[in-house]
Amino acid sequence: MTAQIKKTNCHYCGYLCAFEAKLEDGRVVEFTPDSTRYPYDTSVSARCHRWKLNLEKLYDEDTRVNYPLRRVGERGSGRFERVSWDEALDDIAKRMEALIDEHGPWTVASAIGGPHAVYWPLHRFMTSIGSPNNMGIGPICWNPRIWMDTMTYGWSIECDFRPDLTGCLMLWGTNPAESDNSLFWRNIAQYTRDGGKLIVIDSRLSMTATKASIWLAPFPGTDLVLAYAFARVIIEEGLIDRDFVNEWCFGFEEFKEAAFERTVEEAAQITHIDAEKIREAARMYATNAPAGLLSGRGVDQIGVNTAPLHRVIAALRAITGNLDVPGACSINEAPSFMSELELEGSAQLSPESRAHGLNEPDCGLQSFAGYELANQRTAKLGRNLPMRYLTSVLPVRVWNAAVTGEPYRVSALIVDGANPLVTYADTNLVMKAFEAMDLIVVMEFIMTPTALMADYVLPAAAAVEHPCFQAMGGVSNFCYGGPAAVEPQFERKEDYVILRELALRMGCDEELWPAKNLTEELARTIAPTGMSWDDFTVTGICGGSTSYYKHLFPNPETGEMQGFATESGKVELAIPFLERQGADLVSHFTPVPGVHVDVCDDDDCVTLITGARKQPYWASSYFEVPSMRARHPKPTVEMSEKTASRLGLAEGDACLISRQDTPGIEVLQYVHIADMVDDVASAEYGWWYPESIADEPDFAECFKSNINLLTRGTVDGKAEPLIGTWIYNGIPCRIRKKERSL
Ligand SMILES: Nc1nc2c(c(=O)[nH]1)N[C@H]1C(S)=C(S)[C@@H](COP(=O)(O)OP(=O)(O)OC[C@H]3O[C@@H](n4cnc5c(=O)[nH]c(N)nc54)[C@H](O)[C@@H]3O)O[C@H]1N2
Ligand SMILES: Nc1nc2c(c(=O)[nH]1)N[C@H]1C(S)=C(S)[C@@H](COP(=O)(O)OP(=O)(O)OC[C@H]3O[C@@H](n4cnc5c(=O)[nH]c(N)nc54)[C@H](O)[C@@H]3O)O[C@H]1N2
Ligand code: SF4
Ligand SMILES: [Mo]
C-alpha cells in the first residue's frame with residue numbers, strides 16, 4: 001500500500017478552507033484541516049458541519065451525478081439514460097449550433113449561482129459563442145454594493161474590521177454568525193466579548209444581533225429612510241468630518257437637503273424604530289472612529305430602494321471620515337493577477353452581440369451600454385471593471401423571451417452551479433420557460449429539480465478533484481485557493497473542461513481557451529504576479545498589502561493627488577452620471593405599494609422577508625444530506641409572538657403562505673416564534689425534498705415549500721432603473737394555518 005499526503009481545499013462554502021488529504025493507493029481515506037495554508041486557523045473548520053462531506057461526496061455512487069445523462073421521454077419525466085461524453089457533447093454542440101443558426105447566438109442563455117461558483121469559465125463560454133445573455137444572481141447579491149461604491153468612490157471597498165483598532169462596527173442586513181463560517185465572525189464575537197461597539201440593523205433578532213450594543217429592527221425595505229435619518233443626526237449634531245467633506249466630497253448640499261426632507265421622528269414612524277434609538281446609533285457610529293460599516297444580502301434585495309440605499313450607506317462612510325482609513329474600510333486595489341475581464345474574454349464580444357443583450361437599453365448600469373460608460377470613469381485610475389457579472393441579464397427577461405418569443409426567442413439554456421427552479425424568482429415562470437426551451441444543459445453534482453428538467457445533465461467535478469480559486473469577483477488584489485488531490489472520479493469533469501470542449505466542438509476561437517484544464521488555466525491566471533501555480537499553493541493566498549488614503553497618492557502622470565475615479569475626482573454624494581442613466585441625482589425613498597403604502601389590514605396579511613441564512617444549509621444545497629436534514633428537518637417561517645397571535649398561529653403550526661395579489665399559490669412552512677419587527681414574517685428559502693425524487697416526476701416537491709413560488713423578478717412589472725434589483729425582502733403576503741398537518 002502506498003500512502004501519500006496531498007494539499008487540497010474544501011469547496012462546501014466560498015471560504016475554501018485548506019485541508020490535507022491522506023491517500024492510500026490513490027484513494028482519499030482521510031481529510032485533516034491544514035493550518036499551514038489559508039485561512040491558517042483550523043478553528044474555522046472545527047466549527048463547521050460541512051467539510052466531512054468532501055470525503056462522503058467524492059466517492060458517492062448514490063446522490064452524485066457521475067456520468068453524462070441524456071433525457072429519455074418527455075421533458076420533466078425525470079427519466080435519463082447514461083451516454084458517453086462524446087455522444088453528449090457532440091449532440092449538444094450540434095443542437096446549439098442549429099438554434100444559433102436559426103435565431104442568432106443570443107438565443108442561448110446561461111445561469112450561474114452564488115459565491116461557491118467561479119464565474120469566468122461560463123462567461124468565457126458565452127463570449128465564445130457570442131451570446132450576451134448570461135443570467136446571474138448579481139442584481140440581488142453583491143452587485144448593488146459594488147456598483148454603488150464604485151459610483152460613489154470610483155471603485156469597490158473592503159470592510160477593514162480589526163478588533164484591536166476598530167472603534168465601532170455597523171452591520172446592516174447581514175448575519176455573519178450564520179452566513180459566514182470564517183474568521184470574520186469569530187473576530188466579531190471576540191470583539192463584542194471585549195466590549196467592542198457593534199450596531200446591528202436587522203428586521204429580526206439574528207444571532208449576530210444578539211451580540212449587538214444596539215440592535216435596530218427596521219420594517220423591511222425602509223432602510224433608506226433610516227440611513228438618511230442617521231445622516232441628518234450626524235450633520236445636525238456637527239459629527240461630520242468637515243475637512244474631508246469640504247475637500248473631497250461633491251454634492252454635499254444636495255445630499256444634506258435629501259437627508260433633511262424628513263425629521264427623525266418621521267423616519268421613526270416609517271421604519272418602526274424609536275427616534276431616540278436612531279439618534280443613539282448615529283452618534284455611536286459617528287463618534288467612534290475608525291468605524292466599519294458592512295451591508296449584506298438583507299438590503300441587497302429590497303427592489304427599487306436597493307441601489308438608493310447603498311448610495312447613502314456609501315455616503316455615511318465618507319461624511320464621517322471612515323473611507324479608506326485603517327480599521328474602517330479600504331478601497332480595493334486592482335488585481336495583480338489576471339483580471340476577471342481578461343478571464344471572461346469579454347473584449348471579444350461583438351457590438352452586435354452586446355446590442356442584443358436583454359438588459360439593453362433600459363438598465364442604466366447593469367447593461368453593456370451602462371458598463372462602457374461606468375468603466376470610462378474607473379479607467380481614469382487605470383482600472384477596468386469585470387464585465388459579465390456586472391452586466392448579467394435579468395432572469396425575468398430571459399424567461400419571458402423564452403415563453404413569448406419577444407423581443408426574440410431564447411431557446412437554449414446552460415446552467416452551471418445554480419438551481420434556478422428553486423433559487424430564482426417566480427418558480428412557475430421559470431418552469432414555463434423551461435418547458436418552452438428546446439435545449440437545457442445542466443452541469444451538476446446532484447440531481448436537483450432544475451436538473452430534472454434538463455435534456456442533458458453533465459457530471460461536474462467538485463473540490464478535491466479540481467483545483468480551487470476564489471478572487472472576490474476580480475475587484476480586489478486578493479485571491480486564495482489550492483490544488484486538487486485526485487483526478488475527477490467516475491466520469492466527472494471540471495466545469496472549465498466541459499465548457500472548453502463544448503466551445504471547441506462548436507468551432508469557437510481556440511485562442512480563447514489556451515489551457516487544457518483548470519490547473520493550467522489557474523497557472524496562467526496567477527503568472528502576472530511572478531508566482532507559479534506551485535508557488536501559490538504553498539500558502540494558497542496571494543495579494544498585496546492593504547493601503548489607505550489613496551486619494552492623496554500622486555497621479556503618476558500629473559504628480560497631483562489622484563483623488564477618486566469619479567467625474568468630479570471626489571467622493572460623489574450626488575451623482576450626475578447616475579442621473580443621466582435614469583436615476584435620481586441623490587437618493588429618494590420609493591414606498592412600495594402593499595408594504596409601505598396601501599397596506600392591507602386584514603387579519604391574515606403580513607409583509608414577508610425570505611432567505612435569512614441558517615446553518616446547516618446553503619441556498620438549495622445539502623437538503624439530500626441525512627445528517628443535515630436531521631439537524632433541521634422542516635422549513636420554518638419566523639414571526640413575533642404578537643404577529644402569530646394576530647394570525648391565530650402558534651409555535652410549530654403548519655401554515656400556508658400566499659401572495660396577496662395571486663392567492664392561489666400556497667407555500668407550506670412551519671411557524672417559529674422569534675424576536676422581530678411586528679407584522680412581518682421571515683420565511684426560509686431553498687427548500688425542496690430530494691428524498692421524493694423516487695416519486696418523480698414532481699420535481700422533488702419543489703412546488704411545496706419553495707418560497708420563490710411567491711417572489712417576482714420585477715417590481716410592479718418594471719425593472720429598477722439601474723441594476724434591475726427585484727424583491728426578496730418585503731412582499732405583501734397572507735398566512736393561514738394549515739388545518740391538517742401533513
Ligand atoms: N427567495 C429568495 N431567493 C434567493 C435568495 C433569498 O435570500 N431569498 N438568495 C439569492 C442569493 S443571494 C443567491 S447567491 C442565490 C443562490 O442560488 P444558487 O446558486 O442557484 O443556489 P445553490 O443551492 O447554491 O445552487 C448551486 C447548485 O450548484 C451546484 N454546484 C455547486 N458548486 C458547483 C460547481 O462548482 N460546479 C457545478 N457545475 N455545480 C455546482 C450545487 O450542487 C447546487 O445544486 O439564491 C438567490 N435566491
Ligand atoms: N449557512 C448559509 N450561509 C450562507 C448562505 C446560505 O444559504 N446558508 N448563502 C451565502 C450567500 S449566497 C450569501 S449572498 C450570503 C448572505 O449573507 P448575509 O449577507 O449575512 O445574509 P443573511 O445571513 O441572510 O442576513 C441577512 C439579514 O437581513 C435581514 N433582513 C431581511 N430583510 C431586511 C430588511 O429589509 N432590512 C434589514 N435591515 N434587514 C433585513 C434578515 O433578517 C437577515 O438576518 O450568505 C452566504 N452564506
Ligand atoms: S467553512 Fe466552508 S470551506 Fe471551510 S470547512 Fe466549512 S464548508 Fe468548508
Ligand atoms: Mo448570494
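**Ligand surroundings and aromatic pairs in the predicted model**

An oxygen atom of ligand 1 is placed 2.8 Å from a polar atom in the side chain of Arg613. This contact, like every feature reported here, belongs to a predicted model. Ligand 1 makes a further contact through an oxygen atom, which lies 2.6 Å from a polar side-chain atom of Ser620. A nitrogen atom of ligand 1 takes part as well, at 2.8 Å from a polar atom of the Asp495 side chain. On its own, ligand 1 has 910 Å² of accessible area, and the protein buries 96% of that.

The shell around ligand 1 consists of 31 residues, and the closest are Gly114, Thr423, Glu444, Asp495 and Ser620. Asp495 and Ser620 thus appear both among these closest residues and in the polar contacts described above. Sorted by class, the shell holds 12 nonpolar, 14 polar and five charged residues. At least three of its residues come from domain 1 (69-135 + 337-469 + 489-530), and at least three come from domain 3 (605-737).

Ligand 2 was examined in the same terms. Its surroundings comprise 32 residues, of which Thr174, Ser179, Asp202, Asp223 and Ala619 come nearest. Asp202 also provides a polar side-chain atom that is 2.6 Å from an oxygen atom of ligand 2. Nitrogen atoms of ligand 2 are involved in two further contacts: a polar side-chain atom of Arg50 lies 3.3 Å from a nitrogen atom, and a polar backbone atom of Ile201 is 3.3 Å from a nitrogen atom. Of the 910 Å² of accessible area that ligand 2 has on its own, the protein covers 94%.

The shell around ligand 2 is made up of 13 nonpolar, 11 polar and eight charged residues. Domain 2 (157-331 + 569-580) and domain 3 (605-737) each give residues to this shell, so ligand 2 lies between them. Domain 3 therefore contributes to the shell around ligand 2, and it also supplies residues to the shell around ligand 1.

Aromatic contacts were considered next. Across the whole structure, 29 aromatic pairs are found. One of them joins Tyr67 and Phe490 in an edge-to-face arrangement, with 6.2 Å from centre to centre and 80° between the planes. Tyr67 is located in the loop between helix H2 (53-58) and strand S4 (69-71), and Phe490 in the loop between strand S19 (478-482) and helix H21 (495-505); the pair therefore ties together parts that are 423 residues apart in sequence. Tyr67 is partly exposed, at a relative accessible area of 25%, and Phe490 is likewise partly exposed, at 31%.

Phe244 and Phe564 form a further pair, with ring centres 6.5 Å apart and planes at 90°, so the arrangement is edge-to-face. This pair links distant parts of the chain, since Phe244 belongs to helix H9 (residues 242-248) and Phe564 to the loop between strand S20 (541-543) and strand S21 (571-572), 320 residues apart. Phe244 and Phe564 are both buried. Elsewhere, ring pairs link Tyr15, Tyr38, Tyr40, Phe478 and Tyr480 into a cluster.

A polar contact within the protein was also examined. Gln470 is part of strand S18 (residues 468-470). Its relative accessibility is 16%, and because buried means under 20%, Gln470 counts as buried. A polar atom of the Gln470 side chain lies 3.5 Å from the backbone nitrogen of Met472.

Methods. Residues numbered from 1 in each chain as written. Chains lettered and ligands numbered in written order. Predicted model: local features only at pLDDT ≥ 70, side-chain atom pairs only at ≥ 80, totals over all residues. Heavy atoms only, no water. Near = heavy atom within 4 Å. Polar contact = N/O pair within 3.5 Å; in protein donor to acceptor, adjacent residues only side chain to side chain. Areas by Shrake-Rupley, 256 points an atom, 1.4 Å probe, with all protein chains shown as cover. Nonpolar A, V, L, I, M, F, W, Y, C, P; charged D, E, K, R; others polar. Domains from an automatic or database assignment. Helix = DSSP H or I, 4+ residues; strand = E, 2+ residues; numbered from the N terminus. Buried < 20%, exposed > 50% of the residue type's maximum accessible area, 1.4 Å probe, protein only. Phe/Tyr/Trp six-rings, centres within 6.5 Å; stacked < 30°, edge-to-face > 60°.
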